[in-house]
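The exercises below are meant to be worked through with the sequence and the structure open side by side. Try each task before reading its solution.

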Amino acid sequence: MVATASDTPPSRGPGVHFDSMPAADRTFQIAHISDIHCGGPHFMPSLMDRAIGEINDMQPDLVVCSGDLTTFGFKQEFAQAKSYLDRLECDALVVVPGNHDSRNVGYVHFEQLFGDRNSVLSVDGVTVVAVDSTEPDLDHGQIGRGRYAWIEESFATPADLRVFVCHHHLLPVPGTGRERNIIYDAGDAIECLQRSGVNLVLSGHKHVPYAWRLEDLFIVNAGTVSSLRLRGNTRPCYNVIEFSGTHVDVWRKYPFHGQEKIIQFAIDTLEFEKYTARIEGEVTSRR
C-alpha cells in the first residue's frame with residue numbers, strides 16, 4: 001500500500017503503521033527504485049519487468065520509489081507506471097513524484113493514482129518520511145521551510161532506523177556535469193534532517209547512483225532502473241538496503257547483471273566503508 005499523509009503537512013501527520021518483529025531482531029530489507037520514465041523513447045520494459053521479478057523474489061519489507069515515474073507527466077504514463085508498481089508483491093510501498101511527474105500538471109494524476117504526495121510510514125521499527133520536492137514544470141526542487149516542523153514531528157516517535165525520501169538530491173552528484181538541480185534549500189533541509197535524527201536519505205533524479213556520509217547522515221542516490229537515458233558509463237540499476245541491529249548494507253543491483261556492495265555503515269558509531277563500483281574501475285574500499 002502507499003503510505004499517506006496530508007499534502008499540506010499538519011502538526012502531526014497520520015502515518016501508516018505495520019507492527020511485526022522489531023527491525024533489531026532480524027534483517028529489514030528495502031528495495032529502492034527510481035526514475036522509471038514510462039512513456040519516453042528510452043524506457044525499457046524488459047528492465048522494469050526484470051527488476052520487478054528480482055524484487056519480488058527478494059520479498060523486501062518495503063519498496064521505495066523516489067520519483068520520475070513518467071517522462072512528460074501525462075495520464076497514460078502514470079497509468080503505465082501504476083500497472084508496473086501494482087505488480088510488486090510488497091504491502092509497504094512509498095512513492096513520491098519527480099520533476100518529470102510534475103510537468104503538464106501531472107501531480108494531479110499522481111494524486112489520483114498514488115495518493116498524497118507527502119507521506120509517513122512506520123513498519124517494524126523503521127520510520128519513513130517522504131516529501132514531494134518538486135515544483136510544477138521546473139527541474140529544480142525544494143523541501144520548503146513550511147515542512148521542517150512537520151518533518152521533525154513525524155520523526156519524533158522512537159524508531160530503530162529513520163529514513164527520509166525525496167526525488168531531488170541534497171548534494172551534487174559526481175559524474176553528472178554542471179550542477180543546476182540540487183534542492184534549493186538543501187542546507188536548511190539537511191540541518192532539519194540532522195535535528196530529526198535521520199539516519200538515511202534516499203533520492204534519485206540524475207540517473208547516476210552515489211553514496212555519501214555527511215556528518216551523521218548517510219545519503220544514497222539511486223540511478224534509473226529502466227531508462228537508457230544514462231550519463232557516462234552508468235548502467236540501469238536500483239538499490240537494496242539491508243538493516244540489522246545497528247548495521248546497514250547498501251547494494252547496487254543491475255537488472256539481469258548481478259549486484260555489488262556500495263557502502264556499509266553503523267548508525268550508532270557512524271563508522272563506514274565505501275566501495276568503488278566495478279564499472280568505474282577496480283573495486284576498492286575506503287573507510
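## Exercise 1: Two residues with positive phi

Asp137 is exposed, because its relative accessibility is 51% and the cut-off for exposure is over 50%. The structure in which this is seen is a predicted model.

Task: Find where Asp137 lies in the chain, and then establish whether Leu270, which also has a positive phi, is buried or exposed.

Solution. Begin with Asp137, which sits in the loop that joins β7 (134–135) to β8 (138–141). Its phi is positive, at about 65°, although Asp137 is not a glycine. Turn next to Leu270, a residue other than glycine whose phi is near 70°, and which is placed in the loop between β15 (259–266) and β16 (272–275). Finally, compare the accessibility with the cut-off: Leu270 has a relative accessible area of 17%, and it is therefore buried, since buried means under 20%.

## Exercise 2: How far to trust each part

Task: State the mean pLDDT of the chain, and identify which residues have a pLDDT that stays under 50.

Solution. Start with the chain as a whole, for which the mean pLDDT is 88, with 87% of the residues reaching 70 or more. Then look for stretches with lower values: over residues 1–14 pLDDT stays under 50, and the model has 44 contacts beyond four places in sequence for them. Over residues 18–23 pLDDT likewise stays under 50, and here the model has 19 contacts beyond four places in sequence.

## Exercise 3: Classifying aromatic pairs

Task: Classify the ring pairs Phe43 with Tyr84 and Phe110 with Phe114 from the angle between their planes, and say where the partners of each pair lie.

Solution. The count of aromatic pairs comes to seven, and two of them are taken here in turn. The ring centres of Phe43 and Tyr84 are 5.7 Å apart and their planes stand at 70°, so this pair is edge-to-face, the class for angles over 60 degrees. Since Phe43 belongs to the loop between β2 (28–33) and α1 (45–58) while Tyr84 belongs to helix α2 (residues 75–85), the pair ties together parts that are 41 residues apart in sequence. Both Phe43 and Tyr84 are buried.

For Phe110 and Phe114, the ring centres are 5.3 Å apart and the planes are at 35°, so the pair is tilted. These two residues are four residues apart in helix α3 (residues 106–114), and they are therefore separated by about one helical turn. An α-helix has 3.6 residues a turn, so residues three or four places apart point the same way. Phe110 is buried, with a relative accessible area of 1%, and Phe114 is buried as well, at 6%. Phe78 joins Phe110 and Phe114 in one aromatic cluster.

## Exercise 4: The two sides of helix α2

Task: Determine how the buried residues of α2 are arranged around its axis, and which elements they pack against.

Solution. First list the buried residues of α2, which are Glu77, Phe78, Ala81, Tyr84 and Leu85. Viewed down the axis of α2, these buried residues fall within an arc of 120°, so they line one face of the helix. The face turned away from that buried side carries the exposed residues Lys75 and Gln76. The last step is to follow the buried residues outward, where they pack against β2, α1, β4 (93–95) and α3.

## Exercise 5: Two buried polar residues

Task: For Ser196 and His169, find the backbone oxygen that lies beside each side chain, and name residues distant in sequence that each one contacts.

Solution. Ser196 is located in the loop between α5 (186–195) and β10 (200–203), and it counts as buried because its relative accessibility is 7%. A polar atom of the Ser196 side chain lies 2.8 Å from the backbone oxygen of Cys192. Beyond neighbours within four places in sequence, Ser196 is in contact with Ile151, Glu152, Phe155 and Arg162.

His169 lies in the loop between β9 (161–165) and α5, and it counts as buried because its relative accessibility is 0%. A polar atom of the His169 side chain is 2.9 Å from the backbone oxygen of Leu171. Contacts of His169 beyond four places in sequence include Glu179, Asn181, Ser203, His205 and Asn221. His169 and His205 are 36 residues apart along the chain, and their C-alpha atoms are separated by 7.0 Å.

Definitions and conventions: Residues are numbered from 1 along each chain as its sequence is written. This is a predicted model: local features need pLDDT of at least 70, side-chain atom pairs count only at pLDDT 80 or more; totals for chains, interfaces and linings use all residues. Side-chain values use heavy atoms; hydrogens and water are left out. pLDDT is the predictor's confidence in each residue, from 0 to 100. Contact means heavy atoms within 4.5 Å. Rings of Phe, Tyr and Trp (its six-membered ring) pair if their centres lie within 6.5 Å; planes under 30 degrees apart count as stacked, over 60 as edge-to-face and the rest as tilted. Buried means under 20% relative accessible area, exposed over 50%, partly exposed in between (1.4 Å probe, protein chains only). The arc is that of the directions from the helix axis to the C-beta atoms. A polar contact is a pair of N or O atoms within 3.5 Å; within protein, one must be able to donate a hydrogen and the other to accept it, and residues adjacent in sequence count only if both atoms are side-chain atoms.
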